[in-house]
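Student: I have a new model to read and do not know where to begin. Can you take me through a few features?
Tutor: Gladly. Let us look at it together.

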Amino acid sequence: MTMPAEGIETAEFDVIVLGGGPVGENLAQYAMEDSDVTAAIVEGERFGGECSYWACIPSKALLRPAAVADTSAHLQGMDPGRLERDDLLARRDAWVSHYDDSGQYDWVEGAGITPVRGHGRLVGEREVEVEGEGGALGSHAPRGRRDEGASKGGTRRLRARRAVVIATGSEPVVPPPYRDAHPWGSRDATAVTEVPDRLAVIGGGVVACEAATWMAALGAHVTMLVRGSGLLAGQEPFVGEVVADSLRAKGVDVRLSTEATEVTRPAGEDTGVGRVHGGPVTLTTAGGTVEADELLVATGRRPRLGDIGLEAVGLSPEDVTAGRRPEWLHPLGDAGGEAPLTHWGKYRARVLGGGIAAEETGRPVEPVPTDVPVPQVVFTDPQLGTVGLTEQAARDAGHDVATNEVPFSGAAGGALLRDDVTGRASIVVDRADGVLLGATFVGPEAGELVHGATIAIVGTVPVHLLRHAVPSFPSASELWLRLLEGLSKELRRA
Ligand SMILES: Cc1cc2nc3c(=O)[nH]c(=O)nc-3n(C[C@H](O)[C@H](O)[C@H](O)COP(=O)(O)OP(=O)(O)OC[C@H]3O[C@@H](n4cnc5c(N)ncnc54)[C@H](O)[C@@H]3O)c2cc1C
């Protein structure tokens with residue numbers, strides 16, 4: 001660090017990353033790997049990001065025991081597993097390292113990246129100013145280590161020789177009728193310490209469906225108010241039906257095509273993250289009122305670009321998400337507006353970071369295929385695993401498609417997973433070249449089935465070759481046999 005005349009500590013790096021979530025960390029790691037590239041990550045809350053403390057990790061830590069307990073109740077010969085609420089919350093706390101980011105901070109330092117605590121903001125071309133040490137959030141004040149070097153408080157200025165990466169994540173969007181009701185957001189749901197007796201969930205997307213699943217498992221009576229006509233919009237139509245049926249079987253009241261027109265909560269108050277936010281709430285819908293002790297609004301997220309000084313370099317948030325940006329500025333992960341998924345952001349980070357390292361060292365830059373499909377697993381019970389295009393999306397994109405859909409019970413390995421197995425699988429293939437465009441699995445352990453489809457799509461493997469990829473008997477992968485048999489018949493008929 002140097003100390004210029006105006007008294008502000010200043011340091012120069014090849015790459016400055018705003019945001020120490022999984023995407024920012026991956027970018028810095030790949031940019032520095034086998035190169036002399038230097039990188040700093042500026043983090044305003046906790047190294048590890050939303051994913052580690054309030055999103056992927058705590059939600060899956062809560063959902064897995066719930067899914068195993070439910071499965072054990074539907075396997076002849078088993079004593080059904082019973083969930084212990086306090087133990088389940090303790091498991092979640094362990095997985096989020098008790099909201100202490102020391103381990104992540106140490107990883108950053110150990111990787112040779114300079115960690116900088118504080119809120120970062122662009123103040124000019126390739127220049128970032130960092131203020132303070134990040135704020136406390138509700139009841140979980142940051143407890144990570146702050147020690148010597150670049151992690152000191154006060155104002156610091158960082159200059160990037162090469163690139164500034166915006167990896168600031170996303171923030172929830174709360175529609176107007178709910179704003180004054182002190183609703184829960186996804187942070188409250190993942191960090192839950194006080195389980196409301198009656199929980200109303202607004203939304204029918206991934207966060208809403210997963211949160212309804214774990215909150216019901218924790219003992220809340222959950223009512224979902226879903227504006228659309230089905231859950232998990234944008235997927236194959238059978239997905240929403242299977243997930244809605246399973247939520248209903250767990251006691252969740254799923255109300256489709258339902259919107260709250262009025263929300264009242266006279267005694268709402270900010271009691272801290274994961275605690276019930278005051279008195280009861282009343283939601284008025286066309287079909288009557290819903291009374292609840294807490295309200296979770298899960299109606300979507302937007303890139304967190306509002307307070308990062310874009311105006312200092314003549315840009316707006318819309319410019320950034322539309323790709324209008326100078327060559328030194330790279331939006332990435334949730335902040336970049338692509339699929340808001342950890343693995344997708346990390347993939348983009350590996351490509352960009354690897355490219356920076358290759359250019360810096362003169363190594364050849366590996367070619368990147370176009371049209372890489374986005375996989376996603378939704379950890380409802382049963383799970384959804386999906387990759388690439390749905391039938392409708394493929395047709396909209398101009399493909400002449402062949403499809404096949406089979407029940408999970410159609411393969412012995414699928415049916416063995418639980419006695420009351422439900423779920424379906426489907427694939428979408430381009431008739432012109434017989435190559436897979438998309439696949440959807442909704443059923444037990446579906447998340448483990450989807451990677452085969454991802455490989456087939458990226459490798460552009462045609463159906464006639466895929467038929468020689470032999471699945472083991474009796475594994476759920478035999479669903480591939482059923483899918484491909486039916487599809488080959490359909491292709492022959494054409
Ligand atoms: C409930 C829930 C469950 C989810 N489950 C999954 C899942 O199972 N699988 C999956 O793939 N995805 C899941 N997601 C999505 C996933 O959390 C995000 O895609 C992922 O966190 C994005 O990573 P990121 O690094 O882009 O951003 P983040 O993880 O949000 O990290 C961004 C970081 O930037 C910091 N920051 C922001 N602005 C500044 C600034 N100006 N200065 C300094 N620091 C700043 C923030 O403090 C934060 O630490 C889930 C999301 C939610 C809400």
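Tutor: Start with a cut-off: a residue is exposed over 50% relative accessible area, buried under 20%, and partly exposed in between. Keep in mind that this is a predicted model.

Student: Is Asp-371 buried or exposed?
Tutor: Asp-371 has 72% relative accessibility, so it counts as exposed. Asp-371 sits in the loop between H11 and S17.

Student: What is the sign of phi at Asp-371?
Tutor: First the general idea: most residues other than glycine have a negative phi. Asp-371 has a positive phi, near 55 degrees. His-182 is another non-glycine residue with a positive phi, about 50 degrees. His-182 lies in the loop between helix H6 (176–179) and helix H7 (186–190). With 33% relative accessibility, His-182 is partly exposed.

Student: Which peptide bonds to Pro-382 and Pro-474 should I look at?
Tutor: In general, most peptide bonds are trans. The bond from Asp-381 to Pro-382 is cis, with omega near 10 degrees. Pro-382 is in the loop between strand S17 (375–378) and strand S18 (383–388). Phe-473 and Pro-474 are also joined by a cis bond, with omega about -5 degrees. Pro-474 belongs to the loop between helix H15 (463–466) and helix H16 (479–493).

Student: Which residues of helix H5 are buried?
Tutor: In H5, residues 102–110, they are Ser-102, Tyr-105 and Val-108. These residues span an arc of only 120 degrees around the axis, so they lie on the same side of H5. Their cover includes helix H1 (22–32), strand S2 (39–43) and strand S3 (114–117). After H5 comes Gly-112, with a positive phi near 85 degrees.

Student: How do I read a buried strand residue such as Val-401?
Tutor: Check its area, then its contacts. Val-401 is in strand S19 (residues 401–407). Its relative accessible area is 3%, so Val-401 is buried. Beyond its neighbours within four places in sequence, Val-401 contacts several residues, including Glu-391, Ala-394, Val-428 and Leu-437.

Student: How many residues surround the ligand?
Tutor: There are 34, and the closest are Glu-43, Lys-60, Gly-120, Asp-334 and Thr-342. By class, the shell has 11 nonpolar, 15 polar and eight charged residues.

Student: What lies 2.6 Å from an oxygen atom of the ligand?
Tutor: An N or O atom in the side chain of Glu-43. The protein covers 93% of the 1,000 Å² of accessible area that the ligand has on its own.

How values were computed. Residues numbered from 1 in each chain as written. Predicted model: local features only at pLDDT ≥ 70, side-chain atom pairs only at ≥ 80, totals over all residues. Heavy atoms only, no water. Buried < 20%, exposed > 50% of the residue type's maximum accessible area, 1.4 Å probe, protein only. Helix = DSSP H or I, 4+ residues; strand = E, 2+ residues; numbered from the N terminus. Arc of directions from axis to C-beta. Contact = heavy atoms within 4.5 Å. Near = heavy atom within 4 Å. Polar contact = N/O pair within 3.5 Å; in protein donor to acceptor, adjacent residues only side chain to side chain. Areas by Shrake-Rupley, 256 points an atom, 1.4 Å probe, with all protein chains shown as cover. Nonpolar A, V, L, I, M, F, W, Y, C, P; charged D, E, K, R; others polar.
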